[in-house]
Amino acid sequence: MQVQTVDYLAPDCAQRFVESLRTTGFGVLKNHPISQTLVESIYQNWYEFFVSAEKHQYQYNVDTQDGYFPPDVSEVAKGHQVKDIKEYYHIYPWGQTPPELKAEAMSYYQIANQLATELLGWVESHTPAEIAQHYSMPLSKMIENSRGTLLRVLHYPPLTGEEEPGAIRAAAHEDINLLTILPAANEPGLQVKGSNGEWLDVPCDFGTLIINTGDMLQEASQGYFPSTTHRVINPSGGRRDKSRISLPLFLHPNPDVVLSERYTAGEYLQERLRELGVI
């Protein structure tokens, strides 16, 4: 298995991108419309936020899941016992965001959401009819005016040598949502699990965009689009003392959207959040 890089400007981009999602659960785009300058600025400004005491003023709201999640309440990946080595901030347009960071974050949220909607349209248009008939509504309709799409800013701190045994930056997991949009991080470490069980490094050339299928799309497509297992491994050597910033946008449908005979999107999300231990 290989995660291929697709040129957003190529005439066959949509087809090749959806083929990559179908076969690997991941696609990597270059020449996409998200400004690299904006991404770099967000990385720097949020790094400064995470290394300041100000973050503690924005403790997350348990009911709405917006705000700052410190390392001691970080997620335990499904099937794992040890917390990930990370802290993060959940941004929603309606949620709490530091005033000095809000305008930039909302600008990115809007641009990334527009692109994510376009990519979801590609998936929809390249879904075989026998699979598409199982969608309760067009994929693009599932996210119309959704309040659930989440922008998460992640900070993986430098390693100190005092980490809990077995802990890594992000243990192997699948995402909950429809699609995840992720600019290449400022440090490597993202890996995807191949069909043969091997871990493969995802291309992280600065300026590329990484997109992966989430569990909700897998559920809605009856497994046609696989939600691929991925993780973020710990750095080694000289990279151990470097922070890693990551900026995933998780595209979520409205909670009453029917994913399958088993779940609405809201029911599925609540089940997974309980498994992660954050509600």
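How many bridges join β7 to strand β13 (residues 249–251), and in which sense do the two strands run? There are 3 bridges, and β7 and β13 run antiparallel. Two strands are said to pair here if DSSP finds at least two bridges between them. Helices (H or I, at least four residues) and strands (E, at least two) are DSSP runs, numbered from the N terminus.

Before going on, a word on the model: it is predicted, so local features need pLDDT of at least 70 and side-chain atom pairs count only at pLDDT 80 or more, while totals for chains, interfaces and linings use all residues. Residues are numbered from 1 along each chain as its sequence is written, and side-chain values use heavy atoms, with hydrogens and water left out.

**Strand β7 and its partners**

Let us stay with β7, which spans residues 179–183. In this strand 5 of 5 residues are buried; buried means under 20% relative accessible area, exposed over 50%, and partly exposed in between (1.4 Å probe, protein chains only). In a regular strand the side chains alternate between the two faces of the sheet. In β7, Leu179, Ile181 and Pro183 point one way, and Thr180 and Leu182 point the other way.

On the β13 side, threonine 180 has phenylalanine 250 as its bridge partner. β7 also pairs with strand β10 (residues 209–213), in the antiparallel sense and over 5 bridges. There, leucine 179 is matched with threonine 213.

The table puts these pairings next to others in the model.

| Strands | Sense | Bridges | One opposite pair |
|---|---|---|---|
| β7 and β10 | antiparallel | 5 bridges | Leucine 179 and threonine 213 |
| β7 and β13 | antiparallel | 3 bridges | Threonine 180 and phenylalanine 250 |
| β1 and β2 | parallel | 3 bridges | Valine 6 and leucine 29 |
| β8 and β11 | antiparallel | 3 bridges | Leucine 190 and valine 232 |
| β8 and β9 | antiparallel | 3 bridges | Lysine 193 and tryptophan 199 |

Strands β8 (residues 190–193) and β9 (residues 199–201) form a hairpin with 5 residues between them. In its turn, glycine 197 has a positive phi of about 90 degrees. As for β2 (residues 26–30), 4 of its 5 residues are buried.

**The nonpolar core**

In soluble globular proteins, nonpolar side chains tend to be buried together. A nonpolar core is taken here as a set of buried Ala, Val, Leu, Ile, Met, Phe, Trp, Tyr and Cys residues joined through side-chain atoms within 4.5 Å. The largest one has 76 residues, and Leu29, Trp46, Tyr108 and Leu119 have the most contacts inside it. Helix α3 (residues 99–125) provides the largest share of this core, 12 residues.

Leucine 119 ties several places together. Leaving aside neighbours within four places in sequence, leucine 119 is in contact (heavy atoms within 4.5 Å) with Phe17, Leu29, Leu179, Ile181 and Ile211. Helix α3 also holds asparagine 113, which is buried with a relative accessible area of 17%. Not counting residues up to four places away in sequence, asparagine 113 touches Thr149, Leu249 and Leu251.

**The largest pocket**

The largest pocket has a volume of about 880 Å³. A pocket is an open set of points on a 1 Å grid over the protein atoms alone, where a 1.4 Å probe fits and protein lies on both sides within 12 Å along at least five of seven lines; lining residues have an atom within 4 Å of a point. Grid points are joined across faces, edges and corners, and the volume is the space filled by probe spheres set on the points. Of the 50 lining residues, Leu150, Ile176, His252, Leu269 and Leu273 are the closest to the pocket centre. Elements giving two or more residues to the lining include β4 (87–91), β5 (150–156) and β7, while α7 gives the most, with 7 residues.

Strand β4 is also the place of histidine 90, which is buried at a relative accessible area of 4%. Among the residues that histidine 90 touches, beyond four places away in sequence, are Gln65, Asp66, Leu150 and Arg152.

**The annotated span**

The UniProt record, an unreviewed entry, carries the annotation "domain: Fe2OG dioxygenase" over residues 147–253; such annotations may be inferred rather than shown by experiment. The end C-alpha atoms of this span lie 8 Å apart, and the span is 6% helix and 35% strand.
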